[in-house]
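Hi everyone, thanks for coming. I'll put the structure up now, and then walk you through a few parts of it.

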Amino acid sequence: MFAALTVDGTTVNSLDEDSSIKLIFDADIEFRCSACGADLVETPHGFDDNGDNACPAYQPDEPDADGTGPHTPERVALSWCNSAGIRTDEADDAITLSLSTGHPLGAFTITIRRVPDDADSPLAGRLLLHLPYPDQPMPHDQLHPLHPGTFIIGRPVPARRARLTAA
Ligand SMILES: [Zn+2]
């Protein structure tokens with residue numbers, strides 16, 4: 001195997017053996033203040049000890065002196081991801097992509113591998129695609145079908161209550 005590793009289109013390395021490439025994200029901070037950029041930690045009581053949902057720097061009794069607007073918590077982009085990786089395996093003739101959103105030591109994986117040409121199978125020489133699926137043994141996280149090929153990760157969306165209307 002020979003492969004080139006590129007970052008933003010620039011070749012940074014050549015790979016001639018089984019390789020494992022991983023992007024690791026700092027997923028510790030999930031929320032940030034939209035006004036001052038302070039890192040915010042969500043607790044069961046909100047974003048500060050008073051149970052407020054605003055940045056602790058926000059002083060509701062004082063005028064908005066710096067004109068930055070309300071100190072509103074907003075989610076940090078890509079904070080849902082622990083890591084993203086690519087692993088090649090020549091012995092298995094397979095490449096696996098991984099995305100970790102739950103426990104940092106695990107990941108959802110997508111693998112394509114070729115069945116060996118000499119396999120005693122009508123699939124000899126064919127490519128197989130392996131995907132995560134709902135109710136998979138030892139899943140990285142729970143998957144709930146939304147549309148064909150799209151899943152909700154984690155908690156399912158609660159079913160809407162049927163409206164009770166007068167007949
Ligand atoms: Zn703030």
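Let's start with a three-stranded sheet, which is open, runs in the order E5-E4-E6 and has antiparallel pairing. Its edge strands are E5, residues 39-40, and E6, residues 73-75, and each of those pairs on one side only. Keep in mind that what you see is a predicted model.

So how many bridges join E4 to E6? There are three, with E4 covering residues 31-33 and the two strands running antiparallel. If you want a residue to click on, take Cys33: its bridge partner in E6 is Pro73.

Now look at Thr72, which sits in the loop between E5 and E6. Thr72 and Cys33 are 39 residues apart in sequence, yet their C-alpha atoms are 5.5 Å apart in space. Leaving out anything up to four places away in sequence, Thr72 touches Ser34 and Ala54. And why do we call Thr72 partly exposed? Because it has 16 C-beta neighbours inside 10 Å, and partly exposed is the class between 12 or fewer, which is exposed, and 20 or more, which is buried.

Okay, on to the other sheet I want to show you. This one is open as well, with five strands in the order E3-E7-E8-E9-E10 and antiparallel pairing. At its edges are E3, residues 20-24, and E10, each pairing on one side only. On average, neighbouring strands in this sheet are turned by 5 degrees against each other, if you ignore direction.

Let's go across part of it. E3 and E7 run antiparallel and are joined by five bridges. One place to look there is Ile24, which stands opposite Ser83 in E7.

Next come E7 and E8, which pair in the antiparallel sense over seven bridges. Thr88 is opposite Ile95 in E8, and Asp89 is opposite Ala94, also in E8. E7 and E8 make a hairpin, with four residues between them.

Which residue in that turn has a positive phi? That would be Asp93, at about 50 degrees. Asp93 belongs to the loop between E7, residues 83-89, and E8, residues 94-100. A quick reminder on backbones: most residues other than glycine have a negative phi. Asp93 isn't a glycine, but its phi is positive all the same. As for its surroundings, Asp93 counts as partly exposed because it has 15 C-beta neighbours inside 10 Å.

There's another aspartate to show you along those lines. Asp135 has a positive phi of about 60 degrees, and again we're not dealing with a glycine. You'll find Asp135 in the loop between E10, residues 127-130, and E11, residues 143-147. Is Asp135 buried or exposed? Exposed, because there are 7 other C-beta atoms within 10 Å, and 12 or fewer puts a residue in that class.

Let me take you further along the chain, to E12, residues 150-153. Ile153 is in that strand. Which residues does Ile153 contact, once you set aside its neighbours within four places in sequence? Thr101, Asp141 and Leu143. Pro134 is 19 residues from Ile153 along the chain, and their C-alpha atoms are separated by 9.8 Å. Ile153 is partly exposed, since it has 16 other C-beta atoms within 10 Å.

Last, let's zoom out to the whole protein. There are zero helices and twelve strands, so reading from the N terminus you'd write β-β-β-β-β-β-β-β-β-β-β-β. The chain has 167 residues, and 7% of them count as buried, where buried takes 20 or more other C-beta atoms within 10 Å. Then there are the contacts: take those between residues at least 6 apart in sequence, and 32% join residues at least 24 apart.

That's my tour. If you'd like to go back to one spot on the screen, I'd pick the hairpin of E7 and E8, with Asp93 in its turn.

Technical notes: Residues numbered from 1 in each chain as written. Predicted model: local features only at pLDDT ≥ 70, side-chain atom pairs only at ≥ 80, totals over all residues. Pairing = 2+ DSSP bridges. Axes fitted to C-alpha atoms, helices over the stretch in contact; angles between N-to-C directions. Contact = placed C-beta atoms within 7 Å.
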